[in-house]
Amino acid sequence: MQMLADIAFEKLKADGRRLTAARRAVVEVLAAAKAPLSAAEVLKALEKRRVSADRATIYRELESLAAADVAVAVRFETRAARYELSGGAHHHHAVCVKCESVSDVEADAALRQEAHAVQGA
């Protein structure tokens, strides 16, 4: 989803934020993800890309991206925050009760229409 990454880069530039190598890499990892990622998962993905960053840097970058409304922190009951880029299609998340993996669930057109009708009432 390079388009989401490009939108994020433009927003960061417009806000006067620097596009450091670590920030750029974190945005690219989030853009490529199929579901929200924890800081540990982002770090692991960066290591696979041979991008060097420590855990504290990743946490700072994720919080900075969330503060800039470029990323969204998704919090589930007892789990650590997970992050995804903002600006994507409306969707929900499913969490496996056994392995705690998280998946995006797209809202279908009928569900969106029903939600819109209820909100408009």
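**Helix faces, core and unusual loop residues**

Modeller: The buried residues of H1 pack against three elements: helix H2 (21-32), helix H4 (55-67) and strand S2 (82-85). The model under discussion is predicted.

Colleague: What makes up the protein chain in terms of helices and strands?

Modeller: The protein chain contains five helices and four strands. Read from the N terminus, their order is α-α-α-α-β-β-β-β-α. Of the 121 residues, 34% are buried. The exposed area is about 7900 Å², and carbon and sulfur atoms supply 52% of it.

Colleague: How do you know what share of the contacts joins residues at least 24 apart?

Modeller: The count takes contacts between residues at least 6 apart in sequence, and 37% of these join residues at least 24 apart. A contact here requires heavy atoms within 4.5 Å.

Colleague: Why are the buried residues of H1 said to line one face of the helix?

Modeller: The residues concerned are Leu4, Ala5, Ala8, Phe9 and Leu12. Viewed down the axis of H1, these buried residues fall within an arc of 140°, and they therefore line one face. The general geometry is that an α-helix has 3.6 residues a turn, so residues three or four places apart point the same way. On the other side of H1, Met3 and Ala14 are exposed.

Colleague: How do you know whether the length of H1 agrees with expectation?

Modeller: H1 covers residues 2-14, a run of 13 residues. Its first and last C-alpha atoms are 18 Å apart, close to the 18 Å expected at 1.5 Å a residue. Just after H1, Gly16 adopts a positive phi of about 80°.

Colleague: What of H4: why is its span said to agree with the expected value?

Modeller: H4 has 13 residues, for which 1.5 Å a residue gives 18 Å; the end C-alpha atoms are 18 Å apart, and the two values therefore agree. The buried residues of H4 are Thr57, Ile58, Glu61, Leu62, Ser64, Leu65 and Ala66. Their cover includes H1, H2, H3, strand S1 (71-74) and S2.

Colleague: Which residues touch the most other members of the largest nonpolar core?

Modeller: That core has 26 residues, and the two in question are Leu30 and Val42. H1, H2, helix H3 (39-48), H4 and S2 each supply at least two residues to this core. The largest share, six residues, comes from H2. With neighbours within four places in sequence left aside, Val42 is in contact with Val26, Val29, Leu30, Leu37, Ile58 and Leu62.

Colleague: Is Arg23 buried or exposed, and how do you know?

Modeller: Buried means under 20% relative accessible area. Arg23 has 12% relative accessibility and therefore counts as buried. Arg23 is found in helix H2. Residues up to four places away in sequence not being counted, Arg23 touches Leu12, Arg17, Arg18, Glu61, Ser64 and Leu65.

Colleague: What makes the pair of side chains of Arg23 and Ser64 a polar contact?

Modeller: The side chains of Arg23 and Ser64 make this contact at 3.5 Å. The cut-off is a pair of N or O atoms within 3.5 Å, one able to donate a hydrogen and the other to accept it.

Colleague: How is Ala40 classed by its relative accessibility, and why?

Modeller: Partly exposed is the class between under 20% and over 50%. At 40% relative accessibility, Ala40 therefore counts as partly exposed. Ala40 has its place in helix H3. Its C-alpha atom is separated by 8.5 Å from that of Ile58, a residue 18 places away along the chain.

Colleague: What makes the phi of Arg50 worth noting?

Modeller: Most residues other than glycine have a negative phi. Arg50 is not a glycine, yet its phi is positive, about 60°. Arg50 lies in the loop between H3 and H4. The cut-off for exposed is over 50%; at 79% relative accessibility, Arg50 therefore counts as exposed.

Colleague: Where is Asp69 found, and how do you know whether Asp69 is buried or exposed?

Modeller: Asp69 is found in the loop between H4 and S1. Its relative accessible area is 54%, and Asp69 is therefore exposed. Asp69 also has a positive phi of about 60° although it is not a glycine.

Notes. Residues are numbered from 1 along each chain as its sequence is written. This is a predicted model: local features need pLDDT of at least 70, side-chain atom pairs count only at pLDDT 80 or more; totals for chains, interfaces and linings use all residues. Side-chain values use heavy atoms; hydrogens and water are left out. Buried means under 20% relative accessible area, exposed over 50%, partly exposed in between (1.4 Å probe, protein chains only). Accessible areas come from the Shrake-Rupley method with a 1.4 Å probe; for residues, only the protein chains shown count as cover. The expected span of a helix is 1.5 Å times one less than its number of residues. The arc is that of the directions from the helix axis to the C-beta atoms. A nonpolar core is a set of buried Ala, Val, Leu, Ile, Met, Phe, Trp, Tyr and Cys residues joined through side-chain atoms within 4.5 Å.
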